[in-house]
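Hi everyone, and thanks for making time for this. I'd like to walk you through a structure that is probably new to you, so please have a look at it while I talk.

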Amino acid sequence: MRTVLVTGLGGAGRSTVAAATALAGARGGARTLLITADAIPGFPSATEPTGVTDGLWSVRIDSGAHFRSELLALQDQLSGMLDLLGGNRMDGEELTELPGSAELALLHSLRRAARGDWSRAGYDLLVVDLPPLRDALAVLALPGQLRRYLRRLLPRERQAARALRPMLAQLAGVPMPAQWLYEAAARRDAELAEVQALIEDRATTLRLVAEPGPAAEDALRAARTGLALHGLRVDALVANKVLPRHSSDPWFAALSAQQDKCLEHWHEERSAEAPPLLVPHLGRDPQGPEDLAPLADDVPALTPDSRDTGRAEDAWWIEETGAHGGQDGADGVLVWCLPLPGAVKKDLQLVRRGNELLLTVGPFHRIVPLESALRRCTVSGAALTDGVLRVRFTPDPALWPRTS
């Protein structure tokens with residue numbers, strides 16, 4: 001299954017482009033599912049896949065219903081403890097969703113799509129209408145972060161000490177976690193792993209939507225760094241709501257000239273990549289698949305056999321050099337190269353903690369596990385040159401096997 005994640009700047013019309021992309025895929029012969037949290041005019045609002053046109057289904061995420069069902073299920077699991085403490089059970093009608101529930105509902109929908117819960121025949125193309133760009137990057141990083149938290153708080157190796165828990169509880173003076181807690185954590189970890197696998201799959205791409213203009217230029221320039229940090233590559237930059245050129249109206253002519261200037265910059269910045277896709281301004285909000293049909297002609301119909309891949313798994317690489325930059329490797333210095341286009345040195349923070357590298361670039365943050373070879377080294381320096389962060393690792397004699 002091919003997956004297209006659509007995000008962009010607020011107000012740029014990312015939901016419209018997501019719907020047009022899904023329609024283009026269906027018209028190209030792919031069984032397509034559109035997942036969205038926002039209402040799209042002319043599309044069903046059902047929370048289960050519902051047919052839109054031939055080959056196209058859509059499903060709307062209901063974060064409130066998902067929050068209530070999850071909390072009620074947790075309440076059932078804790079029923080014994082709640083009864084012991086004299087707690088009063090809550091009804092679904094009195095539950096209102098909390099911040100963060102929309103992100104968890106989106107991850108749940110991605111998992112259901114990845115597992116094929118919604119269709120026995122399966123889908124060829126999955127189009128996901130994500131939140132605005134900054135929030136979308138946080139959502140895409142969430143499965144890995146939550147799995148890391150679970151591993152730190154409830155390490156799997158401690159489950160083997162079940163026979164020792166009564167004694168450990170006496171020594172520590174506090175009750176040890178019950179087995180159901182470990183089992184629940186294992187289930188959650190498996191569910192998050194499925195979503196993470198979908199996001200990191202080579203068949204998953206990210207599509208950026210922006211309305212040409214000065215504000216969009218600055219925002220997209222900063223976003224390049226966040227995308228590179230999370231190992232994602234954009235398959236297309238969609239310039240949405242492009243105004244017609246050569247208008248006789250001075251006001252429209254000025255706006256069109258401003259858009260043309262921005263588009264020229266985007267062409268220059270993406271000289272080594274595909275040029276931006278231009279989607280014309282309809283002059284109104286589209287009201288259904290019929291209105292989206294002309295827009296679908298301006299976005300490519302992504303099919304499962306497309307050779308384009310989105311996950312930049314090989315974007316980070318390791319070089320072996322000498323201590324003074326030579327290539328003979330005599331001193332065994334390893335350099336981890338991380339392309340971070342647009343990164344500024346003053347906004348860059350780098351921390352080694354155990355077998356992980358904590359990277360912060362401006363507002364973007366990521367914790368990356370080290371390769372096995374780098375785990376046996378110490379960090380001896382780092383430099384940011386030409387948009388590439390080069391972290392130097394020196395082998396630790398106590399951990400690195402000696403050779404004859």
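I'll go through the sheets, then the helix packing, and finish with the pocket.

Before anything else, please keep in mind that this is a predicted model.

Let's begin with the eight-stranded sheet. It is open, its strands follow the order E3-E4-E2-E5-E1-E6-E7-E8, and the pairing is mixed. Which strands sit at the edges? They are strand E3, residues 50-53, and strand E8, residues 277-280, and each of them pairs on one side only. On average, neighbouring strands here are turned by 25° against each other, direction ignored.

If you follow the order to its E8 end, you meet the pairing of E8 with strand E7, residues 234-242. These two run parallel and are joined by three bridges. To put your finger on one spot, take Val242, whose bridge partner in E8 is Pro280.

Now bring in a helix. H1 lies across several strands: E1 (2-8), E2 (32-36), E3, E4 (56-60), E5 (125-129), E6 (204-210) and E7. Relative to E5, H1 runs at about 170°.

There is another sheet further along the chain. Four strands make up this open sheet, in the order E9-E10-E15-E14, and here the pairing is antiparallel. Strand E9 (317-321) and E14 stand at its edges with a single partner strand each, so one side of each has no neighbour in the sheet. Once more, neighbouring strands are turned by 25° against each other on average, ignoring direction.

Let's look at E15, residues 388-395, and its partners. With strand E10, residues 333-339, E15 shares six bridges, and the two run antiparallel. Leu338 stands opposite Leu389 in E15. With strand E14, residues 377-385, there are eight bridges, and that pair is antiparallel too. Here Val379 has Phe393 of E15 as its bridge partner. E14 and E15 form a hairpin with two residues between the strands, and Asp386 in that hairpin takes a positive phi near 55°.

On to the helices. As a quick reminder, a packed pair of helices is described by two values, the angle between the axes and the distance between them.

Take H1 again, residues 14-27. It packs with helix H10, residues 289-296, at an angle of about 80° and with the axes 9 Å apart. The pair is therefore roughly perpendicular. On the H1 side the contact is made by Thr16, Ala19, Ala20, Leu23, Ala24 and Arg27, and on the H10 side by Pro289, Leu292, Ala293, Leu295 and Ala296. By class, that contact has nine nonpolar residues, one polar and one charged.

A second pair is H4 and H5, whose axes come within 10 Å and cross at roughly 85°. That makes H4 roughly perpendicular to H5. Glu103, Leu104, Leu106 and Leu107 in H4 meet Val139, Leu142, Pro143 and Leu146 in H5. Seven of these contact residues are nonpolar, none is polar and one is charged.

Remember Leu104, please, as we turn to the largest pocket. How big is its volume? About 960 Å³. It is lined by 29 residues, and the closest to its centre are Glu70, Leu74, Leu104, Arg188 and Glu191. So which elements give two or more residues to the lining? Those are helix H2 (63-77), helix H4 (101-115), helix H5 (133-153) and helix H7 (179-200). H7 provides the largest share, nine residues. As for residue classes, the lining has 19 nonpolar, five polar and five charged residues.

One link to take away: Leu104 is part of the meeting between H4 and H5, and Leu104 is also among the residues closest to the centre of the largest pocket. Thanks for listening!

Key: Residues numbered from 1 in each chain as written. Predicted model: local features only at pLDDT ≥ 70, side-chain atom pairs only at ≥ 80, totals over all residues. Heavy atoms only, no water. Axes fitted to C-alpha atoms, helices over the stretch in contact; angles between N-to-C directions. Parallel < 35°, antiparallel > 145°, perpendicular 65-115°, else oblique. Contact = heavy atoms within 4.5 Å. Nonpolar A, V, L, I, M, F, W, Y, C, P; charged D, E, K, R; others polar. 1 Å grid on protein atoms, 1.4 Å probe; cavity = no way out; pocket = protein on both sides within 12 Å on 5 of 7 lines; lining within 4 Å. Points joined across faces, edges and corners; volume = space filled by probe spheres on them. Pairing = 2+ DSSP bridges.
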